[in-house]
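Visitor: Please take a close look at one part of this model, the metal site and what surrounds it along the chain. How is it put together?

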Amino acid sequence: MNVPSPSDVPLRETEIRPDHLRRGQEERFAADIRRLMQRKGEFVDVACPACDARHAHGGFEKYGLTYARCGGCGTVYVCPRPGPDILAWYYAASENYAYWNRVLFPASEEVRRERIFRPRAERVADICRRHGVPGGVLVEVGAGFGTFGEEVRKLSCFDRVIAIEPTPDLAETCRRKGLEVIEKPVEQVRIDDQSVDVVASFEVLEHLFSPRDFLQHCAALLSPGGLLILTCPNIRGFDLLVLEALSDTVDVEHLNYFHPDSLAQLVSACGFEVLESMTPGQLDAELVRKKALAGAIDLSAQPFLKHILIDAWERAGSAFQRFLADNRLSSHMWLVARKPVGGSHARA
Ligand SMILES: [Zn+2]
């Protein structure tokens, strides 16, 4: 039999972000950006979120924000940046999020379930098996619509799945799906009645004022020997390296752009033992190709990229993307770490 399973068919961006709905999102996002930038005078300077260095050079500008590149570790980070109070104010009244919640996610949830959340749940189960954590309690921090929670529950490999989701509308959606929900920010959560074997957080770290504080709260939730599983963008991935400020991943909501080494450095400083990092992304090549086709970048001086992404796309595009994913060169990154038995051994 040579019938491809859904996960063998390359994911296409329009499946999860239909073009006609994207335009509605872009208008609302532009309004959000204008609102946020009215408070730019209140933004605060920060050190590198990965290594704490304060010397940055290079980097780039977008939307009136500075994306500084750490001179120590190469992490890119927004500096100055909105503080936690401004971020809470921004998200609470975000037109983009309201549109995402009301229109975009519901319109694409089933495709996302098949193409993103089910494979994500299977990958988490595989990671846990490989690292000797075959079940127990899984906590997802920032559960959103609860689709991952639903999918991981279907695998029946965890005794209990808990969704931490502080946004009231999203927490309600999780509850309607029958998930056990804690409607609080992670820093206020205590789970005393049972040990936590896995803390997972998908695409959250890049949004946070202080990833270090967040990871320390994750460490406090986990039992010794438990696993931390994170995903976030990789600034050394193909689409971010080629497109830099032109990448749609670079936006005002994403304040932190780690790479595998700098994220490992931060996670280690928060007391974890890093077990593995990987970049199983599927969209880098397509995202760069679309920017080239739209005229946003010029590949005429990049004959190799032009050949792969345009001329030989049908034949070589998928294989090229697999090469990126297999060699930690995709912009979509996973990191797995363990909380050491015997307590955290390092301090930031
Ligand atoms: Zn740094």
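Guide: In this predicted model, the site of the zinc ion is tetrahedral, with angles of 100 to 117 degrees among its four donor atoms. Each of those angles falls between 85 and 135 degrees, so the site counts as tetrahedral. The protein donors are the SG atoms of C48, C51, C70 and C73, which lie 2.3 Å from the zinc ion. Along the chain, the donors follow the spacing C-x2-C-x18-C-x2-C. Of these donors, C70 and C73 are buried.

The strands come next. Strand β1 covers residues 60–62 and strand β2 covers residues 65–69; the two run antiparallel and are joined by three bridges. One pairing can be named here: F60 has Y67 in β2 as its bridge partner. The hairpin of β1 and β2 has two residues between the strands, and in this hairpin Y63 takes a positive phi near 55 degrees.

On β2 there is a further pairing, with strand β3 (residues 76–78), again in the antiparallel sense and over three bridges. Here R69 has V76 in β3 as its bridge partner. Six residues lie between the strands in the hairpin of β2 and β3, where G74 takes a positive phi near 85 degrees.

Read along the chain, β2 ends at residue 69, and the donors C70 and C73 come before β3, which begins at residue 76. The strand β2 thus pairs with β1 and also with β3.

Conventions: Residues numbered from 1 in each chain as written. Predicted model: local features only at pLDDT ≥ 70, side-chain atom pairs only at ≥ 80, totals over all residues. Heavy atoms only, no water. Donors = N, O, S within 2.8 Å, 3.2 Å for Na, K, Ca; no water. Tetrahedral: all angles 85-135°; square planar, octahedral: opposite > 155°, others 65-115°. Buried < 20%, exposed > 50% of the residue type's maximum accessible area, 1.4 Å probe, protein only. Pairing = 2+ DSSP bridges. Helix = DSSP H or I, 4+ residues; strand = E, 2+ residues; numbered from the N terminus.
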